[in-house]
Amino acid sequence: MKDKFYITTAIAYTSGKPHIGNTYEAILADSVARFKRYEGYDVFFQTGTDEHGQKIEEKAAAANLTPKAFVDGVAEEIKRIWDLVGVSYDKFIRTTDDYHEKQVQKIFKKLYEQGDIYKGSYEGWYCTPCESFWTESQLVDGKCPDCGREVKKSQEEAYFFKMSKYADQLMQYYNDHPEFILPISRKNEMVNNFLKPGLQDLCVSRSSFKWGIPVDFDSKHVVYVWLDALTNYITGVGYDADGNSTEQYNKLWPADVHIIGKDIIRFHTIYWPIFLMALGVPLPKKVYGHGWLLQDGGKMSKSKGNVMYADDLVEYFGKDAVRYYVLTAMPQDNDGLISWEGVIDTINSDLANVYGNLVSRTIAMSNKYFGGIVEDAKVNKTVDDELKAVVTAARDKIKAKMDEYRIADAIAEVISVFRRANKYIDETMPWALAKDESKKDRLKTVLYNLTEAIIIGSSLLTPFMPDTCKKVADMIGAPLREYDDANKFGLIDSIKVTETPEILFARLDSVKVMEKVNAMIEERREKIEDKKDEKKDEKKPEVKLHDHSKKEPIDIDDFGKVELKIAKVIACEKVEKSKKLLKLTVKVGEETRTVVSGIALYYTPEELVGKKLAMITNLKPCKLCGIVSEGMIVCAEDENGNIAYLTPEKDIADGSMIF
């Protein structure tokens with residue numbers, strides 16, 4: 001029976017479309033899952049979405065959607081992008097799934113009943129984007145220590161988890177399992193910054209908003225997002241807090257690795273293990289906290305329109321090229337960098353010049369010299385042994401790197417195979433051998449060795465670039481090598497390569513690509529600015545329309561000069577080229593008039609049609625935006641600039657005099 005391997009990503013927060021930095025984690029975990037399958041493990045790969053919390057509630061309100069409708073849309077988009085970049089997950093969990101919500105309620109109640117959770121109140125600083133509470137001393141320059149954003153003073157009733165109760169047990173676990181946290185620098189950070197200073201009790205419920213899993217025995221509270229989100233790793237595979245867990249859970253748990261970003265390492269290596277200890281559940285075997293994929297040359301900014309999304313990158317470069325770049329750009333212990341230019345350079349150097357060129361040249365020479373037939377004539381030389389040594393040693397080197405989650409280093413070992421094969425071409429000079437009939441068998445052996453190197457290298461590269469490697473095998477006419485045979489040279493018997501090989505990776509013209517990219521960014525920026533303008537138009541102006549200072553007294557004769565009547569709006573439309581004006585067609589008794597009014601920021605045309613309004617009917621006509629206005633709609637305005645039209649208290653005929 002195959003050994004199981006249960007791997008997870010952190011579930012993606014459904015506050016918006018994930019950028020390439022968010023997507024990197026899914027690709028990283030996918031490469032590990034695929035390599036483990038290649039090794040022969042029975043892999044279960046879970047990913048998904050985190051869908052509760054105050055930030056979601058606020059985002060949904062801003063979008064005029066219910067929270068569930070909002071997260072449904074974002075979750076679908078996240079899933080689409082994961083599928084687009086080839087994430088081979090076995091399960092996509094959502095924290096709004098019924099079975100998950102029920103188990104979270106059971107877990108909360110169990111922890112409460114056994115005394116690990118108690119009721120109290122919280123007063124401190126809250127960071128909505130991070131969904132985190134902080135004390136005054138934990139703030140950095142008065143802002144969130146994790147993300148650097150503004151925090152808000154918060155005071156509310158809440159339930160708390162007794163973290164300190166399990167601190168010593170967790171420290172002992174760290175000591176007994178030195179491999180629990182990778183890289184080691186992450187472990188040192190947790191010990192020195194959190195465990196040694198002493199753990200504070202953790203807020204595990206909120207009562208100031210509603211979008212969360214209700215605490216079933218206290219309806220004022222919803223479960224705090226971290227207790228909700230973290231438990232997905234067990235609920236998703238069938239954990240039951242009442243002791244009736246599924247066979248799948250019993251098979252898969254504990255997880256072999258949680259792959260997460262370094263920004264949430266605290267939650268996964270302190271809070272999560274302690275929750276599990278309190279539940280009497282085994283801890284995951286490993287937590288790997290990767291760095292951030294940062295934009296080279298400046299921060300990704302939605303307002304600038306320069307945020308890099310996976311679907312944009314895939315459109316320009318293809319799925320496997322994007323996977324290759326992000327996986328090779330990230331060292332294990334540090335952050336990685338991404339830029340459009342960097343992707344272009346990497347594709348040209350590694351994928352076009354090294355890999356693609358090797359495949360193209362080998363197939364072309366096999367067709368040119370032997371009609372596409374590849375077979376070993378066994379005319380060997382010392383240089384062949386040097387090539388074979390590099391190729392056959394690659395598998396175990398890659399495995400060693402993958403076991404340490406050094407993904408970029410593992411891929412570098414594959415590329416070294418292709419580099420050595422290209423060097424082998426220069427050393428053996430097949431074009432020169434082809435000129436001498438007596439060296440025909442030597443030429444056969446050279447091309448055979450190159451084909452073997454390509455097949456073995458492509459087999460080892462498959463977890464990282466699955467579609468490309470399959471395409472190469474199809475063009476070569478030989479199957480990809482199973483893991484157990486990926487360190488064996490010479491297994492191809494006799495094959496025929498394709499007559500019309502596809503170009504794997506064409507060299508990119510950086511100038512032309514960047515012209516298109518910059519045009520896309522500019523177009524996106526303009527759309528963002530347009531939306532900002534629309535939002536500004538929707539808001540009430542900061543400057544009031546009229547002077548609110550006290551005016552000079554007038555006598556009754558002055559007032560008598562103003563003719564005020566009731567006008568019924570029978571049609572209304574926006575005035576072109578104006579954001580403030582509406583064109584109203586009104587009926588005043590037997591008379592129909594056109595009036596232009598500056599109330600478009602406050603009322604839509606649909607809201608006004610059929611309404612009866614107060615109107616000054618004896619103003620001299622004037623032209624506004626080319627339209628003759630024959631009166632003035634009367635409105636009230638408060639000190640804050642809020643506008644309201646005046647309408648009769650009860651129905652009265654249009655044309656009625658106001659006095």
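Which residues is Asp256 in contact with, leaving aside its neighbours within four places in sequence? I will come to that after the overall picture. What you see here is a predicted model.

First, the whole chain. The protein has 659 residues, and its secondary structure comes to 21 helices and 27 strands. Along the principal axes, the C-alpha atoms fill a box of roughly 120 × 70 × 45 Å. The radius of gyration is 34 Å, where a compact globule of 659 residues would be near 26 Å. Buried residues account for 51% of the chain. If you take contacts between residues at least 6 apart in sequence, 75% of them join residues at least 24 apart.

On the surface, about 31,200 Å² is exposed, and carbon and sulfur atoms supply 49% of that. As for charge, there are 93 positive and 105 negative charges, and their mean positions are 2 Å apart.

Now back to Asp256. This residue sits in the loop between helix 9, residues 247–252, and strand 12, residues 257–261. Is Asp256 buried or exposed? Its relative accessibility is 10%, and the cut-off for buried is under 20%, so Asp256 counts as buried. Leaving aside neighbours within four places in sequence, the contacts of Asp256 are Lys4, Phe5, Tyr6, Lys285 and Lys286. With Tyr6 there is a specific atom pair to point at: the Asp256 side chain reaches the backbone nitrogen of Tyr6 at 2.8 Å.

Next, Gln155, which belongs to strand 7, residues 152–161. Gln155 has a relative accessible area of 60%, and exposed means over 50%, so Gln155 is exposed. Not counting residues up to four places away in sequence, Gln155 touches Tyr122 and Glu123. Asp141 is 14 residues from Gln155 in sequence, and the C-alpha to C-alpha distance between Gln155 and Asp141 is 21 Å.

Last, helix 11, residues 310–317. How many of its eight residues are buried? Six are, and the helix is mostly covered. The buried ones are Ala310, Asp311, Asp312, Leu313, Val314 and Phe317. As a reminder, an α-helix has 3.6 residues a turn, so residues three or four places apart point the same way. After helix 11 comes Gly318, with a positive phi near 95°.

To recap the two single residues: Asp256 is buried in its loop, and Gln155 is exposed in strand 7.

Terms used:
Residues are numbered from 1 along each chain as its sequence is written. This is a predicted model: local features need pLDDT of at least 70, side-chain atom pairs count only at pLDDT 80 or more; totals for chains, interfaces and linings use all residues. Side-chain values use heavy atoms; hydrogens and water are left out. Helices (H or I, at least four residues) and strands (E, at least two) are DSSP runs, numbered from the N terminus. The radius of gyration is taken over C-alpha atoms; the globule rule is 2.2 Å times the number of residues to the power 0.38. Buried means under 20% relative accessible area, exposed over 50%, partly exposed in between (1.4 Å probe, protein chains only). Contact means heavy atoms within 4.5 Å. Accessible areas come from the Shrake-Rupley method with a 1.4 Å probe; for residues, only the protein chains shown count as cover. Lys and Arg count as positive and Asp and Glu as negative; His and the chain ends are not counted. The place of a charge is taken as NZ of Lys, CZ of Arg, CG of Asp or CD of Glu. A polar contact is a pair of N or O atoms within 3.5 Å; within protein, one must be able to donate a hydrogen and the other to accept it, and residues adjacent in sequence count only if both atoms are side-chain atoms.
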